[in-house]
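Dear colleague,

Please find below the structure that I am handing over to you. A short account of what was found in it comes after.

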Amino acid sequence: MTISSTADGIANGTANGHGEHCRTKKETHILIIGAGLTGLLLAQGLRKLNAALESRGQPANYTYSIYERDEAAFYRGGGFSLTIHWALQQLYDVLPEDLSARIFQCVGNPAAIENGQMGSFTYLNLRTGHPLHRNEVLPGWKGARMSRAKFLKLLMTGLTVEYSKRLSEITYPNDDTVCAHFEDGQMVTGDLLVGADGSRSVVRRFLYGAENSKNCQLPVRMINCRCDYPLENLRGCMDIDPHLFHGGDPVQNGYFMFAFLDVPRPGSAQTTASCQLTLSWPYEPGFLGEQEPSDPPNEYLERVAWLRRLTEYWANPVHDLIHHIPEDSIVRPVTIEEWLPNDATQHRTDRRFTMVGDAAHLMTSCK
Ligand SMILES: Cc1cc2nc3c(=O)[nH]c(=O)nc-3n(C[C@H](O)[C@H](O)[C@H](O)COP(=O)(O)OP(=O)(O)OC[C@H]3O[C@@H](n4cnc5c(N)ncnc54)[C@H](O)[C@@H]3O)c2cc1C
């Protein structure tokens, strides 16, 4: 995460998004565009930095405000899950201690972690159901399988986010400040604008122009499902791993990932667990006997039928999961795309704005 500043150039600005004011001390006001994982992490990092400065008797120099396009938190559902592969230590470094202490409350299967079951990196041969690779994770691993919604909620702690603020333009009132303009007509001024506005970043467009900031779709198609299964139907998955596992189809080149999103604690009255199923396939002619490359179907029932076809020869437990997808499941295509830097995007950025997270570097799930 890059944080640069213009600490010497202080003019008028806003404090925490509550309008223009005159500053009485040297401070850097940071406009954070986007309240996804990265924007919220940046704000928490600034909170921690300010607290550290104050504890050393120094002024807390960084003020910030967060502007989010969506109408409310979790307006689009909050997403499914993600693995922190090895960056747990960096999270501990960035987050205030009270939040770091709660990271493992955000995993999909907290009881397993409490029992010391950190899981394994298991990769199945989907035709046989047997592991091709299995690597037990020991307690102390610097990673975790997080429920995105729980993690986002944790990261929102103590922060004020301004919603329904879609960035539409960036201007420069003078040499030291930057102005963010929103679609609703509001305008705010700061010393640094940070684009944490995700994979199709508007800030990137301002920085590199429309053509150079475009993503390109990779020759892979993906469908993500969120399904609630009765616990007794999940024993096979739990035996493989209490958090997640992956697999590949060596015959027709498909990929699968299973993750527990929300497992009830032992003794709970809840009889189902929420799970994430992710399936992808190569976008090429001839796949599954189709002449043309296959896109995900538009309609729900057609999508489920396509997934059943894709997994027809897969072994259990994956076969039955797909062939008995509950009716109220979410079955949604995900666009797998990448932003490829080129010569035109290699120049230094203006010191008044920068990007972090997917805006700067897409993390397509095939990486
Ligand atoms: C299927 C899939 C699986 C993945 N699995 C993993 C994994 O296991 N581990 C991992 O580390 N990563 C994973 N990733 C990548 C990870 O999800 C992203 O790197 C991460 O979510 C990026 O966070 P972000 O805050 O940069 O962007 P986002 O989460 O996209 O947040 C951007 C925010 O900016 C807001 N916004 C957008 N435009 C504007 C605007 N004009 N004005 C104001 N606000 C705006 C959006 O509403 C959004 O809230 C996966 C990605 C995919 C697609």
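The notes below cover confidence, the surroundings of the ligand and one residue of helix H1.

Please bear in mind that this is a predicted model. The mean pLDDT of the protein chain is 89, and 93% of the residues reach at least 70. Residues 1-24 stand apart from this, as their pLDDT remains under 50. The model nevertheless has 55 contacts beyond four places in sequence for residues 1-24. Where pLDDT is low, the predicted coordinates should not be read in detail.

As to the ligand, 28 residues surround it, and those that come nearest are Gly-34, Gly-36, Gly-198, Gly-357 and Ser-365. The shell is made up of eleven nonpolar, ten polar and seven charged residues. Helix H1, which spans 37-55, and strand S5, which spans 81-84, each contribute at least two residues to the shell. The greatest contribution is that of H1, which provides three residues.

Helix H1 also contains Arg-47. Is Arg-47 buried or exposed? Arg-47 counts as buried because 20 other C-beta atoms lie within 10 Å of its own, and 20 or more is the cut-off for that class. Beyond its neighbours within four places in sequence, Arg-47 is in contact with Pro-96 and Gly-158. Asp-328, by contrast, is 281 residues from Arg-47 in sequence, with a C-alpha to C-alpha separation of 41 Å in space.

With kind regards

Methods
Residues numbered from 1 in each chain as written. Predicted model: local features only at pLDDT ≥ 70, side-chain atom pairs only at ≥ 80, totals over all residues. pLDDT = per-residue confidence, 0-100. Contact = placed C-beta atoms within 7 Å. Near = placed C-beta within 6 Å. Helix = DSSP H or I, 4+ residues; strand = E, 2+ residues; numbered from the N terminus. Nonpolar A, V, L, I, M, F, W, Y, C, P; charged D, E, K, R; others polar. Buried ≥ 20, exposed ≤ 12 C-beta atoms within 10 Å, placed from the backbone.
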